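Hi,

Here is the structure I said I'd pass on. Have a look at it first, and then read my notes below.

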Amino acid sequence: MSNRLKVTPNDLSAFWMPFTSNRQFKQSPRMLVGASDMHYTSSDGRKILDGTAGLWCVNAGHCRPKITEAIQTQAAELDYAPAFQMGHPIVFELANRLVDVAPEGMDHVFFTNSGSESVDTALKMAIAYHRARGEGARTRLIGRERGYHGVNFGGISVGGIVNNRKMFGTLLGGVDHMPHTHLPEKNAWTRGEPEHGWELANELERIVTLHDASTIAAVIVEPVAGSTGVLIPPKGYLKRLREICTKHGILLIFDEVITGFGRLGTPFAADYFDVVPDIMTTAKGVTNGVIPMGAVFVTKAIHDAFMTGPEHMIEFFHGYTYSGNPIACAAALGTLDTYREEGLLTRGAELAPYWEDALHSLKGEPHVIDVRNIGLIGAIELQPIAGSPTKRAFSAFVKAFERGALIRTTGDIIALSPPLIITKGQIDELVDHVREVLRMVD
Ligand SMILES: Cc1ncc(COP(=O)(O)O)c(C=O)c1O
């Protein structure tokens with residue numbers, strides 16, 4: 001065991017932690033100091049089974065050799081290259097490799113550094129695309145209640161999570177929201193796609209009638225909403241959204257930041273639902289979470305609409321210092337190699353039935369009011385403690401960590417999304433941890 005495992009920093013105050021109850025954490029820190037395949041190592045030397053692929057990103061498991069080696073080699077060869085008006089070979093190679101695994105029609109890739117940046121890039125692309133085609137009045141953006149699209153101003157504006165919005169002023173103007181599709185009274189205990197609720201897509205027609213299609217640039221949805229507790233689209237819902245968008249010339253953006261790269265047992269959710277969007281935002285799994293990177297996929301039609309005017313002119317006034325950073329590209333190539341060699345972009349499909357049965361065995365355990373699943377995603381919804389929402393699930397999270405499993409909670413929902421290398425035995429282990437903590441918490 002290395003010395004690092006025994007060391008806990010004695011002053012935790014300087015670091016303002018993101019999306020964390022800082023005061024609670026600093027009283028009883030949960031520190032991770034190592035990782036390998038399906039496990040983390042905690043600072044007290046315990047193995048922690050990773051039930052969440054880090055934050056839905058470590059799809060190939062931890063510290064995978066191909067990825068580590070690719071990063072090390074690249075860092076020694078070309079560490080950084082300017083992203084604007086300059087190129088380096090592997091960013092082009094990566095874009096081609098990504099287009100190869102993407103759904104048919106997603107022909108071009110724009111690189112960012114995170115899901116939030118991918119979302120804001122996609123929203124800007126949508127508005128600029130319409131303007132480039134002479135439809136400059138199409139500026140309105142439509143999101144959805146309970147949607148999560150990262151934390152930048154565009155993303156929180158189209159997002160539908162009150163705590164992510166209410167502190168931050170007026171957000172973007174010209175945004176409207178469709179209703180969410182979570183209907184527990186009709187769809188509780190559903191395995192896979194729920195039967196009820198596809199007609200909620202027709203709310204988009206109502207919004208179009210209100211604002212007129214000529215003012216609407218794009219609709220953005222997560223194919224499966226993750227951060228607000230795994231909301232699985234009702235059967236036929238996404239197809240209907242696609243139809244309405246096509247009919248009105250509105251771009252459809254799929255935010256595939258968590259569903260991309262094999263999470264549903266298909267390379268992308270677009271493949272799973274057989275619905276191709278106009279723009280697809282990704283991040284996380286593109287580099288197995290190892291180096292920050294995001295990728296926005298667009299159709300040829302969108303890309304080509306920008307490729308006009310004098311050739312010496314920049315076509316899209318947007319980009320980041322680290323767009324296509326060489327080391328991130330190397331990590332992504334190592335990740336794609338690992339996915340391909342181990343069949344990880346489709347492995348979830350083989351495991352999904354076992355995963356589903358294991359999760360639904362939690363029906364009847366204390367506090368459980370719903371279990372739902374799709375691909376290698378699962379949610380266990382708990383009855384909130386009256387007057388103290390989120391407390392029960394948070395206690396379950398803390399107790400699970402103490403027992404040796406990393407789970408994630410959002411509100412009173414436990415969301416599970418393990419690395420795609422998980423074995424059946426480890427699925428049982430993970431679900432047993434959850435079962436035990438449900439029996440322990442108040
Ligand atoms: C659907 C979706 N979009 C965007 C994001 C934001 O990604 P990031 O945290 O990399 O900015 C997330 C993060 O969980 C997400 O789930």
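How do the residues lining the second largest pocket divide into nonpolar, polar and charged? Keep in mind that this is a predicted model. The split is 22 nonpolar, 13 polar and two charged. That pocket encloses about 1,100 Å³ of space, and its lining is made up of 37 residues. If you want to find the middle of it, go to Ala83, Val109, Phe110, Glu315 and His318, which lie nearest the centre. Two helices, α4 (89–101) and α12 (300–306), and two strands, β4 (108–112) and β10 (294–298), are the elements that each give two or more residues to this lining.

Next, the ligand. Around it you'll find Ser114, Gly115, Ser116, Tyr148, His149, Gly150, Glu222, Ser227, Asp255, Val257, Ile258 and Lys284. By type, this shell has three nonpolar, six polar and three charged residues. A few distances are worth checking on screen. An oxygen atom of the ligand sits 2.6 Å from an N or O atom in the side chain of Ser116, while a polar backbone atom of Gly115 is 2.8 Å from a ligand oxygen. For the side chain of Lys284, the distance from an N or O atom to an oxygen of the ligand is 3.0 Å. On its own the ligand would expose 390 Å², and the protein buries 83% of that.

Then there are the cavities: the structure has three of 30 Å³ or more. The largest has a volume of about 100 Å³. Its lining includes Thr181, His182, Leu183, Pro194, Leu231, Ile232, Asp370 and Arg372, and the full set divides into five nonpolar, five polar and two charged residues.

The second largest cavity holds about 40 Å³. Arg144, Glu145, Arg146, Gly147, His180, Thr181, Glu222, Ala225 and Leu231 line it, with two nonpolar, three polar and four charged residues among them. Glu222 may ring a bell, as it is also one of the residues around the ligand. Thr181 and Leu231 also turn up in the lining of the largest cavity.

One last residue: Pro233, in the loop between β7 (216–221) and α10 (237–248). Is Pro233 buried or exposed? Its relative accessible area is 2%, so Pro233 counts as buried, the cut-off being under 20%. The C-alpha atom of Pro233 is 6.9 Å from that of Pro194, although 39 residues separate the two along the chain. Pro194 is the one you met in the lining of the largest cavity.

Happy browsing!

Note on methods:
Residues numbered from 1 in each chain as written. Predicted model: local features only at pLDDT ≥ 70, side-chain atom pairs only at ≥ 80, totals over all residues. Heavy atoms only, no water. 1 Å grid on protein atoms, 1.4 Å probe; cavity = no way out; pocket = protein on both sides within 12 Å on 5 of 7 lines; lining within 4 Å. Points joined across faces, edges and corners; volume = space filled by probe spheres on them. Helix = DSSP H or I, 4+ residues; strand = E, 2+ residues; numbered from the N terminus. Nonpolar A, V, L, I, M, F, W, Y, C, P; charged D, E, K, R; others polar. Near = heavy atom within 4 Å. Polar contact = N/O pair within 3.5 Å; in protein donor to acceptor, adjacent residues only side chain to side chain. Areas by Shrake-Rupley, 256 points an atom, 1.4 Å probe, with all protein chains shown as cover. Buried < 20%, exposed > 50% of the residue type's maximum accessible area, 1.4 Å probe, protein only.
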